[in-house]
Structure formats: structure tokens, C-alpha cells
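Me: I am new to this structure and would like a close look at one part of it. Please take the largest pocket and the residues around it, and then say what else is worth noting along the chain.

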Amino acid sequence: MDNEKIQEAFKFLSNQELVGWDKGFVEDVSVWFEKHAGLSEKQYVILARIVEKFSPENLQAKEEWATEYRSTHTQNAKIIAKYYEGTG
């Protein structure tokens with residue numbers, strides 16, 4: 001685990017819109033990294049997974065899914081929501 005790569009990962013993620021658990025994990029593990037000058041193997045693996053979520057390929061796939069959902073699935077979702085609206 002190269003500390004330079006870890007610092008690059010933190011810098012990269014600081015420019016991303018992290019939310020939820022990922023955001024909390026990155027904040028906590030960055031504090032840990034500063035105090036201990038390194039990460040455990042497990043922390044590093046999780047950090048790498050979070051970085052991968054923001055790879056150009058994954059961001060493109062996410063955008064394609066959103067486009068497909070809007071064009072293909074939105075109408076079905078509205079029909080289902082209307083059906084269950086009265087069941088409260």
C-alpha cells in the first residue's frame with residue numbers, strides 16, 4: 001500500500017460528490033491516515049472500491065442507466081405508484 005497512491009485517492013475523492021456511508025468512511029479513514037501515516041489492508045481495499053465507483057467507465061454506465069430509466073421505465077413506475085397510492 002503506497003502512501004502516495006492513498007493521498008492521490010483522497011485528492012481524487014475530494015472532488016467527487018460522496019454521499020452516505022462512502023462519505024463518512026472517506027472522512028474517517030482520511031483522519032486515520034493522517035494520524036497513523038497509513039491504512040490497513042481492509043481500509044485500502046474499501047477506499048479503492050469507492051474510487052472505482054467514480055471511474056469514467058462507471059460514471060458513464062450510471063448516466064446510461066439514468067437515461068434508459070427515464071426513457072423506458074418511468075412510465076411503468078408511475079403506473080405502479082398510482083396503483084399502490086390508494087393502498088396506504
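Reply: What follows starts at the pocket, moves to two of its lining residues, and then turns to other places in the chain. The model is a predicted one.

The largest pocket has a volume of about 170 Å³. Its lining is made up of Glu 17, Leu 18, Val 19, Asp 22, Lys 53, Phe 54, Asn 58, Leu 59 and Lys 62. Sorted by class, these are 4 nonpolar, 1 polar and 4 charged residues. Helix H4, which covers residues 56–85, gives the most to this lining, with 3 residues.

Asp 22 is one of the lining residues, and its place in the chain is helix H2, residues 20–36. Is Asp 22 buried or exposed? Its relative accessibility is 14%, and because buried means under 20%, Asp 22 counts as buried. Leaving out residues up to four places away in sequence, Asp 22 touches Ile 50 and Lys 53. With Lys 53 there is also a polar contact from side chain to side chain, at 2.6 Å. Lys 53, like Asp 22, is named in the lining of the pocket.

Leu 18 is another residue of the lining. It sits in the loop between helix H1 (3–14) and H2. Leu 18 has a relative accessible area of 14% and is therefore buried. Not counting residues up to four places away in sequence, Leu 18 touches Leu 13, Lys 23, Val 26, Ile 50 and Phe 54. Among these partners, Ile 50 is 32 residues from Leu 18 along the chain, and the C-alpha atoms of the two are separated by 9.1 Å. Ile 50 is also touched by Asp 22. Phe 54, a contact of Leu 18, is itself part of the pocket lining.

Helix H2 also holds an aromatic pair, Trp 21 and Phe 25. The whole structure has 4 aromatic pairs. In the pair of Trp 21 and Phe 25, the ring centres are 5.1 Å apart and the planes stand at 15°, so the pair is stacked; the cut-off for stacked is under 30 degrees. The two residues are 4 apart in helix H2, which means about one helical turn separates them. Their accessibility can be set side by side: Trp 21 is exposed, with a relative accessible area of 56%, whereas Phe 25 is buried at 14%.

The next stop is the loop between H2 and H3, where Ala 37 is found. Ala 37 has a positive phi of about 55°, although it is not a glycine. With a relative accessible area of 52%, Ala 37 is exposed. Leu 39 lies in that loop as well, ahead of helix H3 (41–53), but it is buried, with a relative accessible area of 9%.

The last part concerns helix H4, where Tyr 69 has its place. Tyr 69 counts as partly exposed, because its relative accessibility is 34%. Apart from its neighbours within four places in sequence, Tyr 69 is in contact with Thr 74 and Ala 77. Ala 77 also gives a view across the model: between Leu 39 and Ala 77 there are 43 Å in space, C-alpha to C-alpha, and the two are 38 residues apart in sequence.

Terms used
Residues are numbered from 1 along each chain as its sequence is written. This is a predicted model: local features need pLDDT of at least 70, side-chain atom pairs count only at pLDDT 80 or more; totals for chains, interfaces and linings use all residues. Side-chain values use heavy atoms; hydrogens and water are left out. Buried means under 20% relative accessible area, exposed over 50%, partly exposed in between (1.4 Å probe, protein chains only). A polar contact is a pair of N or O atoms within 3.5 Å; within protein, one must be able to donate a hydrogen and the other to accept it, and residues adjacent in sequence count only if both atoms are side-chain atoms. Contact means heavy atoms within 4.5 Å. On a 1 Å grid over the protein atoms alone, a cavity is a set of points where a 1.4 Å probe fits but cannot get out, and a pocket is an open set with protein on both sides within 12 Å along at least five of seven lines; lining residues have an atom within 4 Å of a point. Grid points are joined across faces, edges and corners, and a volume is the space filled by probe spheres set on the points. Ala, Val, Leu, Ile, Met, Phe, Trp, Tyr, Cys and Pro count as nonpolar, Asp, Glu, Lys and Arg as charged, and the others, Gly among them, as polar. Rings of Phe, Tyr and Trp (its six-membered ring) pair if their centres lie within 6.5 Å; planes under 30 degrees apart count as stacked, over 60 as edge-to-face and the rest as tilted.
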